[in-house]
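Subject: A structure for you to explore

Hi there,

Here is the structure I promised to pass on to you. Have a look at it first, and then read my notes below.

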Amino acid sequence: MNYYQKEIECASLDTLKALQDERLVKQVNRVYNNVGYYRNLMQKAGVTPDDIKGTKDLYKLPFLSKADLRDAYPYGLLGTPLSECVRIHSTSGTTGKRVVAFYTQHDLDLWDDCCARAIVGAGGSREDICQVCYGYGLFTGGMGLNGGSHKLGCLTLPMSSGNTERQIQFMQDLKSTILGCTPSYAAYIGETLHEMGLTPDDISLKAGIFGAEPWTEEMRHQIEELLGIKAYDIYGLTELSGPGVSFECCEQSGMHVNEDHFIPEIINPETGEVLPEGEVGELVFTSITKEAFPLLRYRTRDLCVLHREKCSCGRTFIKMSKPKGRSDDMLIIKGVNVFPSQVEAVLIEQGYSSNYRIEIGREGNMDTFDVLVELNSSQVSDTVKGIKDSEKALAGAMKTMLGVVPKIHLVAPKSIERSEGKAVRVIDKRKLH
Ligand code: DLL
């Protein structure tokens, strides 16, 4: 059995707990002294760093949410001087304001370690050739897996996503053994492979590390068959670094949380009460080693279960289930985080009515994204060409705001069904949870 950092990945619970206690106390003091925004929250909650002696006191600390990130945007949660930061990554926020996360060089080194652990968890070693087809850029997927692959010593192919036939060509020519991308893209690569008249025997892949969006066990089996590989899940979020907060091992039954860097809790999303292991609730993380963007009790909005049971891989880190849904209205469409409020903001900004409906579906393994918008009475007299042009312009504005382009359908006024209770803005026909 192989590990990247065996001593910590297989540490006894006592050792792990002592490390977490020590790091938590240090982190709380650092944050209190350096992050005015969080110091205010602690003062409002009547908590001082002296109240936090270890993980048993974690529940006393106030939560942070995406709304706090928006309020503190862009620099209000920095834990170090800006001059010590060397990178940002970013993702969308609830009302169009982006979430921007910062990294020192040390943060990047630890993030690379987390991703290297995930690659080794999937059976990888420095002998492997790792083809990274997550998007590169502000999204954390590409740079994250790239960093882990580099640090482990794999030959790394920084492909980014798209140009699928070229991806397969590289796979054949360079004999890539590990693939990293979203599960929907993995399935698409698999389908394209077969459409090109090839089979898994024509490539050398043995494992895939897939995450960033919900996927099912059925999809895992399908991808495994299409590509002739073992498919492993990986979880993470920009606010905490990116991929590698947790990762699957050979058991393929839940993801080990890198607990030396992130302390997980499950809470009741309504009351904030901490729930015992085994119960479904909202996942909350405290990052105990991050320097530039140290978040304490950050509410992920992902609904999950935590289990600490003996794992045959030998790792002692607690396992989290696949996220079972979200406690907010965030959608993940083609791997991009989208909030209905962002769609609404674009419609209003562009002079459209706020009677709209988002319809999400699946064709094969790819998401479809349609937005139906009612025309105003003043727009009804437009010609068909005029309407097509308006649809195109609106799709362009959506793309700028969301990072993913919907198919826009401008429809007659009052043709979108009104609901008697809460408006039904989203119809999600995918069955991913
Ligand atoms: O998706 C980071 C990432 C990149 C993870 C590559 C794995 C691989 P964000 O764009 O900030 O970061 O989106 C974070 O995506 O709160 C979950 O709702 C969802 N998510 C991430 N991984 C998984 C997964 C990246 N394995 C949000 N299964 C999170 C289900 C996932 N949902």
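**What I found**

Among contacts in the protein between residues at least 6 apart in sequence, 65% join residues at least 24 apart. Please keep in mind as you read that this is a predicted model.

**The overall picture**

The protein contains 11 helices and 20 strands. Taken along the principal axes, a box of roughly 70 × 60 × 40 Å holds its C-alpha atoms. How does the radius of gyration of the protein compare with that of a compact globule? For 433 residues such a globule would come near 22 Å, and the protein has 23 Å, which agrees. Of those 433 residues, 55% count as buried.

**Empty spaces inside**

Now for the cavities. The count comes to three of 30 Å³ or more.

The largest cavity holds about 70 Å³ of space. Its lining is made up of Y103, D107, L110, W111, L240, S241, H261, F262, T289 and K290. Which element gives the largest share of that lining? The answer is helix 5 (residues 105–121), with three residues. By class, the lining of the largest cavity has five nonpolar, three polar and two charged residues.

The second largest cavity has about 60 Å³ of space. Around it you will find L69, A72, Y73, P74, L77, R98, V99, V100 and F293. Eight residues of this lining are nonpolar and one is charged, with no polar residues.

**A pocket**

Next, try the second largest pocket, with a volume of about 440 Å³. It has 20 lining residues, and Q20, T55, I263, P264 and R308 are the ones that lie nearest its centre. Helix 2 (13–34) and strand 10 (262–267) each give at least two residues to the lining of this pocket. The lining divides into 12 nonpolar, two polar and six charged residues.

**Two buried charged residues**

R299 sits in strand 12 (residues 298–304). Is R299 buried or exposed? Its relative accessible area is 13%, and because buried means under 20%, R299 counts as buried. What does the side chain of R299 make a polar contact with? Its partner is the side chain of E282, at 2.6 Å. If residues up to four places away in sequence are not counted, R299 touches F63, L64, I267, P269, E282, L283 and V284. E282 therefore appears both as the polar partner and in that list of touching residues.

E359 belongs to strand 17 (residues 356–363). With a relative accessible area of 17%, E359 is buried, since the value is under 20%. The side chain of E359 makes a polar contact with the side chain of R357, at 2.9 Å. Apart from neighbours within four places in sequence, E359 is in contact with T368, F369, D370, L372, I427 and K429.

**Two partly exposed residues**

Where is D382? Look in the loop between strand 18 (366–374) and helix 11 (384–402). D382 has a relative accessible area of 35% and is partly exposed, because that class runs from 20% to 50%. Setting aside neighbours within four places in sequence, D382 is in contact with I387 and S390. To see how far the model reaches, pick out D382 and A187: they are 195 residues apart in sequence, and their C-alpha atoms are 41 Å apart in space.

H409 is in strand 19 (residues 407–411). At 25% relative accessibility, H409 is partly exposed. Its contacts, not counting residues up to four places away in sequence, are D370, V371, L372, V373 and E391. D370 and L372 are listed for H409, and both are also among the contacts of E359. Finally, H409 and E251 lie 158 residues apart along the chain, with 45 Å between their C-alpha atoms.

**Where to start**

I would begin with R299 and its polar contact with E282, and then go to the largest cavity, where helix 5 gives three lining residues. After that, find E359 and H409 and pick out D370, a residue that E359 contacts and that H409 touches.

Enjoy looking around!

Best wishes

Definitions and conventions: Residues are numbered from 1 along each chain as its sequence is written. This is a predicted model: local features need pLDDT of at least 70, side-chain atom pairs count only at pLDDT 80 or more; totals for chains, interfaces and linings use all residues. Side-chain values use heavy atoms; hydrogens and water are left out. Helices (H or I, at least four residues) and strands (E, at least two) are DSSP runs, numbered from the N terminus. Buried means under 20% relative accessible area, exposed over 50%, partly exposed in between (1.4 Å probe, protein chains only). A polar contact is a pair of N or O atoms within 3.5 Å; within protein, one must be able to donate a hydrogen and the other to accept it, and residues adjacent in sequence count only if both atoms are side-chain atoms. Contact means heavy atoms within 4.5 Å. On a 1 Å grid over the protein atoms alone, a cavity is a set of points where a 1.4 Å probe fits but cannot get out, and a pocket is an open set with protein on both sides within 12 Å along at least five of seven lines; lining residues have an atom within 4 Å of a point. Grid points are joined across faces, edges and corners, and a volume is the space filled by probe spheres set on the points. Ala, Val, Leu, Ile, Met, Phe, Trp, Tyr, Cys and Pro count as nonpolar, Asp, Glu, Lys and Arg as charged, and the others, Gly among them, as polar. The radius of gyration is taken over C-alpha atoms; the globule rule is 2.2 Å times the number of residues to the power 0.38.
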